[in-house]
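Biologist: I would like to learn how to read a chain-to-chain contact and a pocket. Could you walk me through them?

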Amino acid sequence: MISNPILKAGALLLIFTAISIFFVALTQDTTKEKIKYNEDQLLIKRLAELVSGYDNKILEDKFSKEIELHGLQQKIGIYPAKQQGKTFAYLIEHTYPNGYNGGIRLLTGFDVKRQLLGVRVITHKETPGLGDKIETRKADWIKQFSGLSLSNPHQNNWKVKRDGGVFDSFTGATITPRAIVSAAYQVLVYFTEHEIN
Amino acid sequence: MGDYIKIVKNGLWANNQALVALLGLCPLLAVTNNIVNAIGLGLATTFVLVASNVTVSIFRNHISKEVRIPIFVLLIASFVTIVELLMQSYFYDLYLILGIFVPLIVTNCAILGRAEAYASKNTWDKSALDGLMMGIGFSLVLILLGGMRELIGSGTLFDQSSLILGSFGDTLSITVFENYQGTLLAILPPGAFIGLGLIVALKNLLDLKAAKTSESIPLDGSIKTIALNNS
């Protein structure tokens, strides 16, 4: 037996660390694929809410781009939806930094004519009970963007009603709807002025 | 047998980690805005409590005094990581909501507290029961507080139960008040503090009543001071 108490304590810590690492690594290894599968399924579900009829492997065809959007240098993810090799729509994963409570991660889809397929929230930190009505499981508010474009409504009216635009805001929250409206608008403007590829 | 009954009583009531020891407040206050979140975090906490208590008690004679705290923390952190990974693979929807709070279980002092105060001095079977009862006691408070806040805050009960129970859960969801506008205070953190305060007060009131009825009132009518915190 080791007689030096410091060495003994060290050995003990070593043994327990090794055992713990073994079990954590084992769990990580066995759950890895299932977790990846879950993450992909969630993304596919979100994508499918906005676009249908594509026949490509949309997750594998994803590409990233470093651009300045919403006044923020960010890396956006672009999912092209293709039919028989021809792209007919794009889904953009981007972050709008000025929510009520920090950044909102969004998925914005539009077709090649820059007509919106819709907007969905991926993650947000808006106030529960007020700002979270941007989630589809709480309200249908965010579904209204489908079919809109830079000319419908007129560019000057891409604002919430309180700011003189056409979009409703919901009771008790103005900043959150304002953020979504402006995020969708800015994505359309950016990809009208810039090439997507 | 008496020992085991005492463990059950301590865990559920007399030394309830949330109401008496007031431990684990961070996750307690953060996730109790509805019942489903409360059940999810309660189950995860209970699992970690039982696992850490059993492990600590099995190795209690081999862990030297000087390094026991780092070893306890190491064990607890490992169990929490394992729970997080399992949740991510089998209850992914729930994980999306509770995800950021699961690592906080490590910082729940109730778990380290039970390892140090109980499991390091008792046999594994008693420690397992202690962990289970402390976990259930903690979960019950989470669920009660979650129910209160969900009912007052959004006018529903068991909303989104399907996250835990699958499609069966949808039948459980009750909308108590139709067209309820919601009470924001109950959903926000202050509502959690007020709710917890009310539950602690209620428990103390019940204890006080129980103590009064069990003690025969002295002839001279003087009232004895009653200790509320029987640890």
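Modeller: We will take the contact between the chains, then a pocket. This is a predicted model, where local features need pLDDT of at least 70, side-chain atom pairs count only at pLDDT 80 or more, and totals for chains, interfaces and linings use all residues. Residues are numbered from 1 along each chain as its sequence is written, chains are lettered from A and ligands numbered from 1 in the order in which they are written, and side-chain values use heavy atoms, with hydrogens and water left out.

Biologist: How many residues does each chain bring to the contact?

Modeller: Contact means heavy atoms within 4.5 Å. Here chain B brings 24 residues and chain A brings 22 residues.

Biologist: Which part of chain B gives the most to the side that touches chain A?

Modeller: Helices are DSSP runs of H or I, at least four residues, numbered from the N terminus. On that side α4(B) gives the most, with 12 residues. Nonpolar covers Ala, Val, Leu, Ile, Met, Phe, Trp, Tyr, Cys and Pro; charged covers Asp, Glu, Lys and Arg; the others, Gly among them, are polar. The side of chain B that touches chain A has 17 nonpolar, seven polar and no charged residues.

Biologist: How many salt bridges are there between chain B and chain A?

Modeller: A salt bridge puts a side-chain nitrogen of Lys or Arg within 4 Å of a carboxyl oxygen of Asp or Glu. Between chain B and chain A the count is zero.

Biologist: And which residues line the second largest pocket?

Modeller: A pocket, on a 1 Å grid over the protein atoms alone, is an open set of points where a 1.4 Å probe fits, with protein on both sides within 12 Å along at least five of seven lines; lining residues have an atom within 4 Å of a point. Among those lining the second largest pocket are B:Phe47, B:Met87 and B:Ile164. Its lining divides into 10 nonpolar, one polar and no charged residues, and α3 (35-58) and α4 of chain B each supply at least two of them.

Terms used: Helix = DSSP H or I, 4+ residues; strand = E, 2+ residues; numbered from the N terminus.
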